[in-house]
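Colleague: I am new to reading structures, and I would like to go through this one with you step by step. Could we begin with a single residue and then widen the view?

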Amino acid sequence: MYLRTEPDVLEHRRAKRAAEGDDYAATIREDYLRQIHESYERIAANWRHTLLRYQEHAIVPPDADLITLPAEIDMNDHPDYVHVVAATIREKIRRMVASRESGP
C-alpha cells in the first residue's frame, strides 16, 4: 500500500504542523521529504523487482500488486477520511482474495 503525495504537499503540511507547535514536525527538513518521496517512487516503479528481492521478508505474496492511493487529503485535518482509505484498502484486499480463491 502506497499513500502517494507530492513533496510540496508534505512540506506544506509539515510547516503548518510546526507552526502549530509540533516539535517533531519542526525537525523535518524539506529535502528529507523529497528524498523519501523519490525513494518511494523508485520502489513503486520497480515493485515486482523489489518484492522478489526481499521475498523472504515480505508478508505479501510474491505476485502481489502495489496498491497506490492518492493522499492529497490531509488525514490530520480530516480524520474521518481515514475511514474512506480503510474502506478502499479493505475492498481492494477483498477483490484480491476473491480472485485468488476463484483460481486460474
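Colleague: Leaving aside its neighbours within four places in sequence, which residues is threonine 5 in contact with?

Modeller: This is a predicted model, so each value here is computed from predicted atoms. Threonine 5 sits in the loop between β1 (2-4) and α1. Once the neighbours within four places in sequence are left aside, the residues in contact with threonine 5 are Leu10, Arg13, His37, Ala71 and Glu72.

Colleague: Is threonine 5 buried or exposed, and which backbone oxygen does its side chain reach?

Modeller: A residue counts as buried when its relative accessible area is under 20%. Threonine 5 has a relative accessible area of 6%, so it is buried. Its side chain reaches, at 2.9 Å, the backbone oxygen of alanine 71.

Colleague: Helix α1 follows that loop; how far apart are its end C-alpha atoms, and what span should its residues give?

Modeller: Helix α1 covers residues 7-19, which is 13 residues, and each residue is taken to add 1.5 Å. The expected span uses one less than the number of residues, which gives 18 Å for this helix. The end C-alpha atoms of α1 agree with that expectation, since they too are 18 Å apart.

Colleague: Which residues of α1 are buried, and what do they pack against?

Modeller: The buried residues of α1 are Pro7, Glu11, Arg13 and Arg14. Looking down the axis of α1, one finds these buried residues within an arc of 165°, so they line one face of the helix. What that buried set packs against is α2 (23-27) and α3 (30-45).

Colleague: Which exposed residues lie on the face of α1 turned away from its buried side, and which glycine just after the helix takes a positive phi?

Modeller: On the face turned away from the buried side, α1 carries the exposed residues His12 and Ala19. Just after α1, with a positive phi of about 105°, comes glycine 21.

Colleague: Where is aspartate 31, and how far is its C-alpha atom from that of glutamate 11?

Modeller: Aspartate 31 is placed in helix α3, and at 32% relative accessibility it counts as partly exposed. Aspartate 31 and glutamate 11 are 20 residues apart along the chain, and the separation of their C-alpha atoms is 9.3 Å.

Colleague: What is the C-alpha separation of valine 84 and aspartate 8?

Modeller: Valine 84 belongs to helix α5 (residues 81-102), and it counts as partly exposed at 44% relative accessibility. Along the chain, valine 84 and aspartate 8 are 76 residues apart, and their C-alpha atoms are separated by 23 Å.

Colleague: Taking the whole chain now, how many helices and strands are there, and in what order do they run?

Modeller: The protein chain has five helices and two strands. Read from the N terminus on, its elements run β-α-α-α-α-β-α.

Colleague: Is the protein chain spread out or compact, and what is its radius of gyration?

Modeller: Along its principal axes, the C-alpha trace of the chain spans about 55 × 30 × 20 Å. For 104 residues the globule rule gives 13 Å, and the chain is well over that, so it is more spread out than a compact globule, with a radius of gyration of 17 Å.

Colleague: What share of the residues is buried?

Modeller: The accessible surface of the protein chain comes to about 7,800 Å², and carbon and sulfur atoms hold 56% of it. Of the 104 residues in the chain, the share that is buried is 19%.

Note on methods:
Residues numbered from 1 in each chain as written. Predicted model: local features only at pLDDT ≥ 70, side-chain atom pairs only at ≥ 80, totals over all residues. Heavy atoms only, no water. Helix = DSSP H or I, 4+ residues; strand = E, 2+ residues; numbered from the N terminus. Buried < 20%, exposed > 50% of the residue type's maximum accessible area, 1.4 Å probe, protein only. Arc of directions from axis to C-beta. Contact = heavy atoms within 4.5 Å. Polar contact = N/O pair within 3.5 Å; in protein donor to acceptor, adjacent residues only side chain to side chain. Rg over C-alpha atoms; globule rule 2.2 N^0.38 Å. Areas by Shrake-Rupley, 256 points an atom, 1.4 Å probe, with all protein chains shown as cover.
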